[in-house]
Each structure stands twice: as C-alpha cells, then as structure tokens.
Amino acid sequence: MLKYAYANGGRNIMRQSRAVWWMQRRQKGFTLMELMIVIAILGLLVTLSMTAYSGYRRRSVDVATRAAATSALEAIKTHHANASASGASYSTNLEQVGYRPPSDTAVQVTLSADATKFCVQATDRHLSDIRYYATTGMARPQAGSCPANI
C-alpha cells in the first residue's frame with residue numbers, strides 16, 4: 001500500500017495526514033460559539049417547560065378550589081336536609097355541618113338576613129384570583145364571588 005501511495009505522487013498520504021491533523025485539532029474541545037448555541041437551546045427549553053408547568057399548576061389549583069366549593073355546598077345542603085325537620089336554618093359553621101376544607105383553600109359561608117339562603121365561596125390561599133361560589137339553588141359552583149344580595 002505504501003508503494004501505491006508513493007506511486008500516485010504521495011496524494012493519498014497527503015489526504016490522510018490532513019484528515020488526521022484536522023481531527024486531532026478538532027478533538028481538543030468545544031469552541032465558544034458551540035457552547036453559546038448549547039446554552040441558548042437549554043435556555044429556550046427551560047423557558048418552555050416553566051411556562052407549561054405554571055399552566056398545569058394553575059389548572060390543578062382551579063380544580064381543587066372548585067372541588068372544595070362543591071364539597072362545602074353538598075355538606076351544607078345535607079346538613080340542612082337532616083336538620084330542617086326540627087326547623088333549623090342554614091349553618092355557617094363548617095365543622096358543625098361535617099366539612100373540613102383543605103389547608104390551601106379558604107371556604108366562607110354567608111347567610112341571608114333571614115337565614116333561609118346561603119352562599120358558599122371558596123378561594124385559594126396562594127392564588128387569590130381563583131374563586132368559586134355557589135348559592136342555595138345552585139347545583140354546581142361558578143367562577144366568581146358571592147353576590148351582594150343572596
């Protein structure tokens with residue numbers, strides 16, 4: 001093979017030696033431009049993942065707050081149905097009606113002036129703009145706050 005390389009004027013040896021030289025030179029490390037491109041790609045991936053994570057967290061808090069309002073509504077209705085035979089009105093004491101809200105959700109019960117109607121409002125303690133309410137005749141909570149006149 002060596003004879004063949006020299007027979008061609010040494011062109012094959014020159015090609016091989018240039019390729020080896022180039023590979024040896026390239027294998028010493030990364031250039032600054034390559035590192036900057038990798039950092040930019042990683043920054044983009046982190047930004048996209050944080051945006052998606054905050055959306056998932058907000059939706060889960062929204063569902064948990066709605067569930068707390070629904071549970072409180074059902075507990076008050078059940079307690080009133082059981083206690084209405086004795087002429088009792090609605091109760092604002094959630095422990096008395098058998099409901100304990102989750103630690104990250106604030107649940108308030110507001111009664112009308114004659115205590116014949118109520119409004120349950122659930123608010124997340126960390127994201128206070130997530131609120132659900134339900135009044136006496138509602139089957140499911142709606143987004144928002146209790147109306148002024150129940």
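This note goes through a predicted model of one protein point by point, from its overall layout to its core, surface and links.

1. Overall layout. The protein contains three helices and four strands, and when these elements are read along the sequence they follow the pattern α-α-α-β-β-β-β. A student looking at the model may therefore find it helpful to locate the helices before turning to the strands, since that is the order in which the pattern runs.

2. Burial and surface. Of the 150 residues in the protein, 25% are buried. The accessible surface of the protein amounts to about 10900 Å², and carbon and sulfur atoms account for 59% of that area.

3. Contacts along the chain. When contacts between residues at least 6 apart in sequence are considered, 41% of them join residues that are at least 24 apart.

4. The largest nonpolar core. This core has 19 residues, and the members that touch the most other members are I76, L94, Y99, V107, F118 and V120. At least two residues of the core come from each of α3 (32-83), β1 (105-111), β2 (118-124) and β3 (131-135), and the largest share, seven residues, is supplied by α3.

5. A closer look at V120. Which residues does V120 touch, once those up to four places away in sequence are set aside? The list includes A69, A72, L73 and I76, and it continues with V107, Q108 and V109, then Y132, Y133 and A134, and finally C146. Two of the names in this list, I76 and V107, also appear with V120 among the core members that touch the most other members.

6. A nonpolar patch on the surface. Not every nonpolar side chain is in the core: L32, M33, M36, I37, V38, I41, L42 and L45 form a patch on the surface, and together they have about 820 Å² of accessible area. One of these residues, L32, lies in helix α3. Is L32 buried or exposed? L32 counts as exposed because its relative accessible area is 62%, and the cut-off for that word is over 50%.

7. The disulfide. A search of the whole structure finds one disulfide, which is formed by C119 and C146, with their sulfur atoms 2.0 Å apart. The two cysteines belong to distant parts of the chain, since C119 is in strand β2 and C146 is in the segment after β4 (142-143), 27 residues apart. The link is left-handed, with -95 degrees about the S-S bond, and both C119 and C146 are buried. As a reminder, a disulfide is a covalent bond between the sulfur atoms of two cysteines.

8. A salt bridge between distant parts of the chain. The count of salt bridges comes to two, and one of them joins D129 to R58, whose closest N and O atoms are 2.5 Å apart. D129 is in the loop between β2 and β3, whereas R58 is in helix α3, so that the pair, 71 residues apart, links distant parts of the chain. D129 is exposed because its relative accessible area is 54%, while R58, at 36%, is partly exposed.

9. A salt bridge within one helix. D62 forms a salt bridge with R66, and here the closest N and O atoms are 3.3 Å apart. Both residues lie in helix α3, four residues apart, which is about one turn of the helix. R66 counts as partly exposed because its relative accessibility is 36%.

Methods: Residues are numbered from 1 along each chain as its sequence is written. This is a predicted model: local features need pLDDT of at least 70, side-chain atom pairs count only at pLDDT 80 or more; totals for chains, interfaces and linings use all residues. Side-chain values use heavy atoms; hydrogens and water are left out. A nonpolar core is a set of buried Ala, Val, Leu, Ile, Met, Phe, Trp, Tyr and Cys residues joined through side-chain atoms within 4.5 Å. Buried means under 20% relative accessible area, exposed over 50%, partly exposed in between (1.4 Å probe, protein chains only). Contact means heavy atoms within 4.5 Å. Patches are made of residues with over 30% relative accessible area and no salt bridge: like charges are joined within 9 Å, nonpolar side chains (Val, Leu, Ile, Met, Phe, Trp, Tyr) within 5 Å. Accessible areas come from the Shrake-Rupley method with a 1.4 Å probe; for residues, only the protein chains shown count as cover. A salt bridge is a side-chain nitrogen of Lys or Arg within 4 Å of a carboxyl oxygen of Asp or Glu. A disulfide is a pair of cysteine sulfur atoms within 2.5 Å.
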